[in-house]
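Trainee: I have a model open and would like to learn how to read helix packing in it. Where do we begin?

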Amino acid sequence: MLGKIIYRLKQFYFGMFSRYTKADQTFARNHLNIQEMALFNQLPGFEKKHAIVVARKMLDASSNYPKLDKRKLVKLGLLHDIGKVLEKNSIWTKSILVIIRFFFPNYYDRLAEKGKENHRYRRYYIHKHHGAVGAELLEKIGESSDILSIIALHDPRVHPLGFEPPLEQQILNQADSTY
Ligand SMILES: [Fe+2]
Ligand SMILES: [Fe+2]
């Protein structure tokens, strides 16, 4: 419990004070095509930075798995939270959502359920289901099915990891859960 709170405080601090730099933008451009980049650019700065950090960690981890496709790992890192382009959250509204989920998980689930139909609660639905929402967006620009399935299922809170998830998904979850 305390560990989770510390992690979230670090995440908030990181969101407030780290900047999406020119070098980050070049890194993203070098790994995404024009359509992917157009989506990526719609993320708020703190989500872009998070995606860059996750992608770089995955690139580092790839040295332990020489058989895996490095570019695919980086792409997964960059695009895993792309569903959040529809959330339109600031760091503050995101923090409120995370606090509600942490302290009132049943209430959070109810709000997310309401957001399926009701536009006013849409933000909660997208926050909870950003993996599936992101996969739908990426399908429209022709992303491959294995990338789509990993992104759709990347949040272990929504889809607990199965008996043996693909290695790429395990590497993504590891990179996504640390800062
Ligand atoms: Fe996510
Ligand atoms: Fe993430």
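Mentor: With a definition: two residues are in contact if their C-beta atoms, placed from the backbone, lie within 7 Å. Keep in mind that this is a predicted model.

Trainee: Which helices do the buried residues of H10 pack against?

Mentor: They pack against helix H5 (70-79), helix H9 (130-140) and helix H11 (167-176). The buried residues of H10, which spans 145-152, are Ile 150, Ile 151 and Ala 152.

Trainee: And what covers the buried residues of H9?

Mentor: The cover includes H5, helix H8 (122-128) and H10. The buried residues of H9 are His 130, Gly 131, Val 133, Gly 134, Ala 135 and Leu 138.

Trainee: Is Ile 141, in the loop between H9 and H10, buried or exposed?

Mentor: A residue is exposed if 12 or fewer other C-beta atoms lie within 10 Å of its own. Ile 141 has 12 such neighbours, so it counts as exposed. Leaving aside neighbours within four places in sequence, Ile 141 is in contact with Gln 35 and Glu 36. Gly 142, which follows H9, has a positive phi, near 80°.

Trainee: At what angle do H5 and H11 pack?

Mentor: The angle is about 45°, and the axes are 10 Å apart. That makes H5 oblique to H11, because an angle between 35 and 65 degrees falls outside the parallel and perpendicular ranges. The crossing is right-handed.

Trainee: Which residues meet there?

Mentor: Lys 72, Leu 73, Leu 76 and Gly 77 in H5 meet Glu 168, Ile 171, Leu 172 and Ala 175 in H11. By class, this contact has 5 nonpolar, 1 polar and 2 charged residues.

How values were computed. Residues numbered from 1 in each chain as written. Chains lettered and ligands numbered in written order. Predicted model: local features only at pLDDT ≥ 70, side-chain atom pairs only at ≥ 80, totals over all residues. Buried ≥ 20, exposed ≤ 12 C-beta atoms within 10 Å, placed from the backbone. Helix = DSSP H or I, 4+ residues; strand = E, 2+ residues; numbered from the N terminus. Axes fitted to C-alpha atoms, helices over the stretch in contact; angles between N-to-C directions. Parallel < 35°, antiparallel > 145°, perpendicular 65-115°, else oblique. Left-handed = near helix turned anticlockwise from the far one by under 90°. Nonpolar A, V, L, I, M, F, W, Y, C, P; charged D, E, K, R; others polar.
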